[in-house]
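Me: Please take a close look at one part of this structure, a side where one chain touches another. Build the picture out from there, for someone who is new to it.

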Amino acid sequence: MIEALGIWVAAGLTLAIMSFLYGDNPIYKFAEHLYVGYSAGYWLIYTWHFTIKLMVIQPIAEKQPGAIFLVIPLFFGVLMLTRWFPRIAWMSRWSIAFTVGIGAGLTLTGAIHGYIIPQVKATILPLWTGNGFSSFNNFVIVIGVLTTLIYFFFSRPHTGVLGKTSKVGILFIMVAFGASFGYTVMARISLLIGRLDFLWSSILKLVHFF
Amino acid sequence: MLKKQIPLAITFITGVIIVITFFIPHPPFGRLQQDALTWYSVIFGFTMLLGVDSLVRFHYRKLRRREKGWWFSIIFYGGFLLSFITGVVSEVRFGDAFKIGSSFMYFYNTILIPLQSTMFALLAFFIASASYRAFRARNIDATFLLVTAVIVMLGRVPVGYMLWHKLPNLTSWILNVLQLGPMRGIMIGIALGTVAMSLRLILGIERTYLS
Amino acid sequence: MNGENISFWEKLGKIDRRWIFLIIGLVVFIPIAFGLRMTVHVSPAVKSAYDTINRLPEGSVVMISIDYDAASMPELQPMLKAILRHCFDKNLKVILINFWPLGLPIGNQGLEEVAREYGKVYGVDYMNLGYRPGDIAVMLRMGTEIRSVFYGDIKGTPLDSLPMMKNIHNYDDIAVVVGLEAGSMGDYWVQYVNARFKQDMILGVTAVMAAGVYPYLQAGQIKGLIGGLKGAAEYEKLVNHPAFGHIGMASQSWAHVVIILFIILGNIGYFMERRRKRGL
Amino acid sequence: MILFILFSTITVKAFDTPNDGGGSITIKAYNVPETVKKALVYRKTEGDTTYTFAGVMSILSYRYVDANSTIKNGKPYYYRVDFYFPDTVISVESDSPGIAYAQWYDKTKTSSLIFLIVFSTLVLVFIQLAKKDPEGLYIRKIPALDAIDEAVGRSTELGKPTFFVHGLLGITDAGTLAALTILRRVAKKVAEYDTPILVTNFDPIVMTASQETVKQAYTEAGRPDAYNEKNIIYLTYEQFGYTAGVDGLMVREKPGAIFLQGYFFAESLILAETGHSVGAIQIAGTTAKEQLPFFVAACDYVLIGEEMLAASSYIGREPVMLGSVKGADWGKAFLMGVIGIGVVLGTVGAILQSAGNGALMNVFEKILAFF
C-alpha cells in the first residue's frame with residue numbers, strides 16, 4: 001500500500017511540474033512551493049549532518065590531530081551570524097573577506113596548474129605528423145585556440161589584423177556553441193525519455209495494482 | 001578602518017598564504033589547501049542559517065500581509081517542516097538521517113526525486129522551443145551556429161547514419177577537432193581571467209562588496 | 001493567394017510554443033509506449049573507455065565515482081550498470097564512491113542490482129565507500145590514504161574488516177577511476193587527481209558536458225569518454241547487454257528529426273518574411 | 001613455492017617519493033619481463049625479522065608508492081617484490097633501503113610557478129604604468145555591459161521590477177565574484193531610477209555578499225534609505241528547487257529585465273526560456289562553457305566567459321583596473337607566444353625526424369615533459 005501511495009505521489013508531482021509547460025497554474029504553484037520548502041529543509045539537515053557534525057563536532061570530540069585549527073572557521077562562522085544584529089553586522093564582512101581570500105588563492109593556483117598549463121601543453125602540436133589528415137587536424141586545433149584567444153583581447157581595438165583574426169575566432173566560437181548545443185539536445189531528450197518511461201511504467205503498475 | 005582595511009588585509013593574507021603553500025609539500029603547509037576547503041565548508045554551514053532565515057521570513061511576510069497567493073506559503077512551510085522534522089527524527093533515531101530506510105530518505109525518494117527529475121526533463125521542451133525561435137540564419141555567425149548544431153544533432157542518432165553513413169564521422173570530427181580549439185581557447189581565457197581576477201582580489205584592487 | 005502565404009509563414013513564425021511542446025512530448029512518448037528500437041554504432045571515445053577496462057588484469061580495482069543525482073539518472077544510470085556488468089564479468093573489483101550525497105541511494109541501488117546478477121559478494125568483490133563532504137579535499141586526501149577520509153564504508157563498517165580493502169590504500173592501488181559526472185566534479189577529478197597522482201581515468205558524462213570535456217580526452221588526461229544516453233547504449237552494445245540505452249534511441253532519433261524540422265520551418269518562415277519586407 | 005633466482009635481470013629500487021610531504025616511499029622495478037602476471041610488494045624496517053605485505057605493484061608502470069601510515073620520515077625501509085610468472089615466482093629485494101623525507105618545494109609545479117611569476121609581474125607592471133599614465137588606456141566594447149542601463153531603464157518605463165538571478169557556485173568562483181560586480185552596477189541604476197529589484201541567491205554566503213554589494217550601490221547612488229535587505233533572498237540550495245522557485249517568481253512578478261549572472265548548470269535554459277516567455281530583456285553572463293550556447297540562443301545579450309571576468313574593469317574604468325586587464329592581455333600574448341614557438345619547434349622537429357635527424361624532436365619532447 002505504502003508503495004502504491006509513493007507511486008501516486010511521485011506520478012502526481014511529475015504531472016504537476018509538467019503542467020508548467022501550459023502556463024502558471026495552482027497545481028504548479030503547489031509543487032513549486034513544496035519543492036522549495038522541502039529542499040530548503042533538506043539542505044539544512046544536510047549541512048548539519050555533513051558539515052557541522054562530521055567536519056566540526058566529530059573531529060573535536062575524537063581529538064583528531066589538527067582539530068584545534070577548526071577554531072579559525074568557527075570564529076569566522078560565528079562572525080557571519082553578526083548579520084542578525086544590525087549594530088555589529090559589519091563584522092560579517094571579515095568572514096566574507098576570509099572566504100574570498102580562500103577562493104582567490106585556490107582558484108588562482110587551480111586555474112594555472114589544472115587548466116592553463118595542461119591545456120597549453122596539449123595545444124603545442126606538431127603541424128606535421130607524417131599523415132596529411134592528422135596534420136590538418138592539428139593545424140585546425142592550433143588555429144582555433146589562437147584565434148579564440150585573440151577574440152578575448154580587451155586592451156586593443158579589434159581593427160586591422162587583430163580585427164580579422166578575432167572575426168575568425170568568433171566563427172570558431174559559434175561552431176563550438178553549435179556543436180555543444182546540438183550535442184545537448186540528445187541529453188535533454190534522454191531526460192524526457194526517462195521521465196515518460198517512469199510515468200508510463202507507473203501507470204502500468206497502478207493499472208496492474210487495481 | 002575596521003570596516004574596510006581589515007577585510008582587505010584578511011583577503012590578502014589568506015590568499016597569499018594559500019598561493020605560497022601550493023608549492024610547499026612539507027608539513028604542515030602541504031595540507032593547507034585541503035584544510036582551507038574544509039574551513040570554507042564550515043563557514044558555509046553557519047551561513048546556511050542566515051539563508052534559511054531569509055527564506056522563512058520571506059514567506060512569513062507574504063502570510064502576514066495576505067499577499068496574493070499567500071496560502072501557497074503554507075505549502076512552503078508544510079514542505080519545510082516535513083523535511084526538517086523527519087530529518088531531526090531520523091538523525092536522533094539512527095544517528096544518520098541519510099541512512100537508507102529512514103523516513104527522511106523515504107520522503108526524499110517520493111518527493112524530491114520526482115520533482116528534481118521532472119524539472120530537469122522540462123529542458124527537452126525548452127530546447128525545442130529555443131531551437132525553433134533562435135536558430136534563424138540572420139547573419140554569418142548565426143548560420144555557423146545553426147549548421148553545426150543541425151549536423152551534430154543528426155550525427156549523434158542512428159537516423160543520421162541512415163541518411164548518410166559518413167555523418168557520424170563528420171560529427172566526431174566536429175566534436176574532436178573543430179570545436180576543440182575554440183573550447184580550449186574559451187577555457188584558457190576563463191582561466192586567465194580567473195587568475196587576473198584572483199590577483200586583483202588578493203591585492204585589494206577589486207572590492208565589490210566593500211567600498 | 002500570395003497574401004495567404006505570407007500570413008501563414010508569419011503565423012508560423014510566432015506559433016504558440018505550447019504546440020511545439022505537445023509535438024515533442026508525443027514523439028518521445030510513442031516509441032516508449034510501443035517499444036520501438038534502433039541499432040547503435042560504437043564511437044572511438046567509448047571504445048577506448050571499454051578497452052581501458054578490458055585490458056585490466058583480473059583482480060584489478062576500478063573505482064566508480066557517482067557524481068550525479070536523480071535528475072541525471074536516465075543518462076548516467078544505464079552507463080553505471082553497463083560498466084558494472086563489464087567489471088563483474090571480467091572479475092574486477094569495484095569500489096563505489098559518491099561526491100553527490102543525493103546520488104548515494106541511486107548508486108548503491110545500481111551496484112546491488114548488478115552485483116546480484118553476477119552473484120558477487122559485498123566486501124570481497126565490491127564495496128561502497130559512501131559520501132564524505134569536502135569534494136577536492138576528499139580527492140586529495142585519498143592520494144595518501146583512503147582511510148584518512150573514509151573511516152568506514154557506507155554502512156559504517158571499518159574498511160579493514162572488508163577483505164578486498166586490506167591492500168587498498170590510495171590511488172596507487174586503483175587501476176582506473178571512472179567518474180560518472182553531471183556537474184563539475186569531473187573537472188576536479190581530472191585537474192586534481194589525474195594531474196597530481198597520474199591516475200588513469202575514464203569519464204562518463206551527461207551529453208551536455210561531453211563537448212566540454214573532449215579537450216581532456218584529446219590531451220590524454222582521460223583514457224575514454226562516454227557521453228549521454230547514446231554513449232550508454234554504445235557501452236551496452238560492447239558488453240552485449242542491450243538495456244535502457246537501446247530502448248531510448250528510437251524516441252531520441254525521432255525527437256531530433258522533429259526539432260530539425262522545426263528549425264527548417266522556422267528558417268523558411270524567417271526568409272519568407274524578410275523577402276516580403278524587402279518587397280514592400 | 002618460491003624460487004630465488006640469483007641472476008635474475010630484474011632490479012628493484014626503493015627511494016623517497018619526490019615532491020611530497022614525506023611519509024611515502026616509491027618502489028620501482030626495472031627490466032621486468034612482460035610475462036609477469038602480478039607483482040606484490042613487501043616491506044620491513046629495522047627491528048623486523050620478516051617482511052610484511054605492503055601492496056600490489058602496477059604491472060603497467062612497475063611502480064608502487066608505499067604511503068602506509070606507519071612509515072616514518074628518516075627511517076630506512078627495505079622492500080621485497082614477488083613477481084608472479086605463469087609457472088614460477090621470483091622474489092627481488094631492493095638494492096638499498098628507501099628513506100622518506102618531506103620536501104620543501106614541489107618540482108612538478110615549476111612550470112606553474114614560472115607562469116605565476118610572469119603573469120603577476122606583467123599585471124603589476126601594467127598597473128603601475130597605468131597609475132603613472134592613465135591616458136590612452138583602452139578597453140574594447142562589450143555590448144552586454146553597455147546594455148545594462150538600457151535594460152533597467154526599459155524595465156522602469158514599463159513599471160516592472162528588475163531581477164538579478166545568481167548562478168549556482170559559491171563565492172570561491174571567479175564568475176560569482178564577477179556577478180557581484182555586475183550586480184553593483186545594476187543596483188546602482190535601480191537605485192537611481194527608483195525601481196524595484198529582486199536578487200535571488202542559491203548560496204547563502206553569496207547572499208550576504210550580495211546584500212553588502214547592493215547596500216553599497218544604494219549608498220553610492222545617494223539613496224541609502226531606499227535599500228531593503230528583504231529584496232535579496234536565498235531560495236534553496238537545491239539546483240532544480242532553485243530553478244522552480246525562480247521560474248515561479250518570474251511568471252508571477254513579470255520582470256522587465258532579467259540578469260542571469262554566474263556559474264549555471266543545466267537550469268540555464270529553463271531560466272532563460274521562462275524569462276523570454278514573460279517578455280523580459282535578458283542579459284546573461286557565465287563562465288560555464290557548456291551553458292554559453294543556451295544563453296546565446298535564448299538571451300538578448302551574453303557575456304562570454306572571460307568577458308564576464310573583465311566586467312569590473314569595463315564598468316569601473318579605473319586606470320588600475322584597466323592596467324590589470326592590459327597586463328592580463330600581455331599574459332595571454334605570452335602564452336600564445338609559447339604555443340607558437342612550441343608548434344614551430346615541434347613541426348620543424350617532426351620534419352627533420354622524418355628526414356632522419358631526431359635531435360630537435362628530442363629537445364621538443366624534453367620541453368613538453370617539463371610542463
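Reply: Two residues are in contact if their C-beta atoms, placed from the backbone, lie within 7 Å. By that rule, 29 residues of chain A are in contact with 32 residues of chain C. Three elements of chain A each give two or more residues to this side: α2 (26–61), α4 (92–123) and α6 (160–209). Helices here are DSSP runs of H or I with at least four residues, strands are runs of E with at least two, and both are numbered from the N terminus. The largest share of the side of chain A that touches chain C comes from α6(A), which supplies 16 residues. Sorted by class, this side holds 19 nonpolar, nine polar and one charged residues. Ala, Val, Leu, Ile, Met, Phe, Trp, Tyr, Cys and Pro count as nonpolar, Asp, Glu, Lys and Arg as charged, and the others, Gly among them, as polar.

The model is predicted: local features need pLDDT of at least 70 and side-chain atom pairs pLDDT 80 or more, while totals for chains, interfaces and linings use all residues. Residues are numbered from 1 along each chain as its sequence is written, and chains are lettered from A and ligands numbered from 1 in the order in which they are written.

One residue of helix α6 in chain A deserves a separate look: L192(A) is placed in that helix. Leaving out residues up to four places away in sequence, L192(A) touches A121(B), A124(B) and V28(C). Its partners therefore come from chain B and from chain C. L192(A) counts as buried because 31 C-beta neighbours lie inside 10 Å. The cut-off for buried is 20 or more other C-beta atoms within 10 Å of the residue's own, for exposed 12 or fewer, and anything in between is partly exposed.

A124(B), one of the partners of L192(A), appears again in the largest nonpolar core, which has 329 residues. L123(B), A124(B) and V62(C) are the residues with the most contacts inside this core. Helix α4 (residues 103–134) of chain B gives the core its largest share, 21 residues. Such a core is a set of buried Ala, Val, Leu, Ile, Met, Phe, Trp, Tyr and Cys residues joined through C-beta atoms within 7 Å. On the chain C side, V62(C) touches I53(C), C87(C), L92(C), V94(C), A175(C), V176(C) and V178(C), again not counting residues up to four places away in sequence. Another core, of 20 residues, lies apart from the largest one, and V12(D), A54(D), V65(D) and Y79(D) are among its residues.

Chain A also touches chain B: 98 residues of chain B are in contact with 96 residues of chain A. On the chain B side, at least two residues each come from α1 (5–21), α2 (32–65), α3 (71–94), α4, α5 (140–155), α7 (167–178) and α8 (180–203). The classes on that side are 68 nonpolar, 23 polar and seven charged. In the loop between α1 and α2 of chain B sits P28(B), and the peptide bond from P27(B) to P28(B) is cis, with omega near 5°.

Back in chain A, two stretches show how its helices run. Residues 35–61 are 100% helix and 0% strand, with their end C-alpha atoms 35 Å apart. Residues 97–116 are likewise 100% helix and 0% strand, and there the end C-alpha atoms are 26 Å apart. After α2 of chain A comes a loop that leads to α3 (71–80), and K63(A) lies in it. K63(A) has a positive phi, near 50°, in a residue other than glycine. With 8 C-beta neighbours inside 10 Å, K63(A) counts as exposed.

That leaves chain C, the partner on the other side of the contact. Chain C has ten helices and six strands. Its C-alpha atoms fill a box of roughly 85 × 40 × 30 Å along the principal axes. Of the 280 residues in chain C, 57% are buried. Among contacts in chain C with a separation of 6 or more, 74% join residues 24 or more positions apart. An automatic or database assignment sets the domain bounds: in chain C, domain 1 covers 2–35 + 251–279 and domain 2 covers 44–242. Taken over C-alpha atoms, the centres of these domains of chain C are separated by 41 Å.
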